[in-house]
Amino acid sequence: MDISAPLPGPFTLADLAAVAWLFLAWLGIGWITEHPPKHRPSVSVLMKDYRREWMRHFVTRDPRIFDGNILTTLREGTAFFASACLIAVGGGLALIGKTDQLAGVARQFDLGHVPALKWEIKIVVVLFFVANALLRFVWSHRLFGYCAIMMASVPDDPGDPRALPAAMQAAEINITAARSFNSGLRCVYFALGALGWLAGPLGLFLATSYVLFISWRREFASHSRRVILHSAPGLAGLVPGQRQGQQPGD
């Protein structure tokens with residue numbers, strides 16, 4: 001079978017295969033990141049225990065200004081990426097109306113004549129990932145806001161029986177916000193990979209494979225993961241919420 005043979009419409013079988021690889025890689029790395037093997041947790045999963053540990057220490061910390069500053073930093077990060085994605089969506093929509101310029105660039109690279117509709121669909125695929133990232137960053141920003149309110153509702157007295165359960169509720173909202181943020185980042189990565197389609201199906205396949213490798217490495221084989229894994233809460237015999245040297249039940 002000749003994968004370069006044209007199909008009904010502007011695309012070839014190679015184009016469809018490359019797009020299928022793009023979406024399969026995006027969905028696959030997202031699933032394996034959130035549901036990794038128990039013997040090899042991802043960075044995202046490891047950080048969940050650190051977030052719960054943060055809220056446990058938050059209960060006894062006085063004053064709690066430090067915790068508020070951390071949460072403000074997290075919200076600023078989501079706001080920055082949301083703003084960047086919003087600008088990118090606007091730029092992509094504007095580019096759809098100027099596909100003739102892209103066709104001129106293609107001719108300079110000897111890519112031949114490409115119908116305007118084909119360029120527009122390629123840009124729409126990129127915009128799909130960018131718009132998806134925008135929605136996830138906005139939701140993450142809102143969840144971090146919920147987390148801030150729930151942290152403010154935690155009683156100041158560490159001995160109050162409501163303090164720890166309320167803090168752990170805030171931790172779960174914090175974890176959900178981080179999950180949305182990480183998902184938004186993956187969408188940004190694969191939006192960059194989708195730009196490879198402008199160079200043809202082979203460019204899309206190679207760009208997607210590179211993004212997939214980078215995403216996998218950062219979650220499962222990076223130096224930062226080894227640092228995070230060292231004495232992570234819940235691992236190496238350390239119970240979450242327990243200090244080094246403290247015996248269980250102390």
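Contact here means heavy atoms within 4.5 Å. With that in hand, load the whole chain, a predicted model. Among contacts between residues at least 6 apart in sequence, 74% join residues at least 24 apart.

**Whole chain.** Colour by secondary structure: there are 8 helices and 0 strands. Read from the N terminus, the order of elements is α-α-α-α-α-α-α-α. Of the 250 residues, 41% count as buried. Switch on the surface, and the accessible area comes to about 14000 Å², with 67% of it belonging to carbon and sulfur atoms.

**Largest nonpolar core.** Next select Leu 22, Phe 129, Phe 137 and Phe 190. In the largest nonpolar core, which has 26 residues, these four touch the most other members. At least two residues of this core come from each of helix H1 (13–34), helix H3 (65–96), helix H5 (116–152), helix H6 (163–194) and helix H7 (201–220). H5 gives the largest share, 7 residues.

Centre the view on Phe 129. Which residues is it in contact with, leaving aside its neighbours within four places in sequence? They are Leu 22, Phe 23, Trp 26, Cys 187, Phe 190, Ala 191 and Ala 194.

**Second core.** Now select Trp 54, Val 59, Leu 71 and Ala 167. These four are among the members of a second core, separate from the one above and made of 17 residues. In soluble globular proteins, nonpolar side chains tend to be buried together.

**Helix H7.** Isolate H7, which has 20 residues. From its first C-alpha to its last it reaches 28 Å, close to the 28 Å expected at 1.5 Å a residue. Select its buried residues: Gly 203, Leu 204, Ala 207, Thr 208, Val 211, Ser 215, Glu 219 and Phe 220. An α-helix has 3.6 residues a turn, so residues three or four places apart point the same way. Bring the other helices back to see what covers the buried residues of H7: the cover includes H1, helix H2 (43–60), H6 and helix H8 (223–229).

**Surface patch.** Stay on H7 and pick Leu 202, which is found in this helix. Is Leu 202 buried or exposed? Its relative accessible area is 58%, and the cut-off for exposed is over 50%, so Leu 202 is exposed. Add Phe 205 and Leu 206 to the selection. Together with Leu 202 they form a nonpolar patch on the surface, with about 310 Å² of accessible area for the three together.

Key: Residues numbered from 1 in each chain as written. Predicted model: local features only at pLDDT ≥ 70, side-chain atom pairs only at ≥ 80, totals over all residues. Heavy atoms only, no water. Core = buried A, V, L, I, M, F, W, Y, C linked by side-chain atoms within 4.5 Å. Buried < 20%, exposed > 50% of the residue type's maximum accessible area, 1.4 Å probe, protein only. Helix = DSSP H or I, 4+ residues; strand = E, 2+ residues; numbered from the N terminus. Patch = residues over 30% accessible without salt bridge, like charges linked within 9 Å, V, L, I, M, F, W, Y side chains within 5 Å. Areas by Shrake-Rupley, 256 points an atom, 1.4 Å probe, with all protein chains shown as cover. Salt bridge = Lys/Arg side-chain N within 4 Å of Asp/Glu carboxyl O. Expected span 1.5 Å × (residues − 1).
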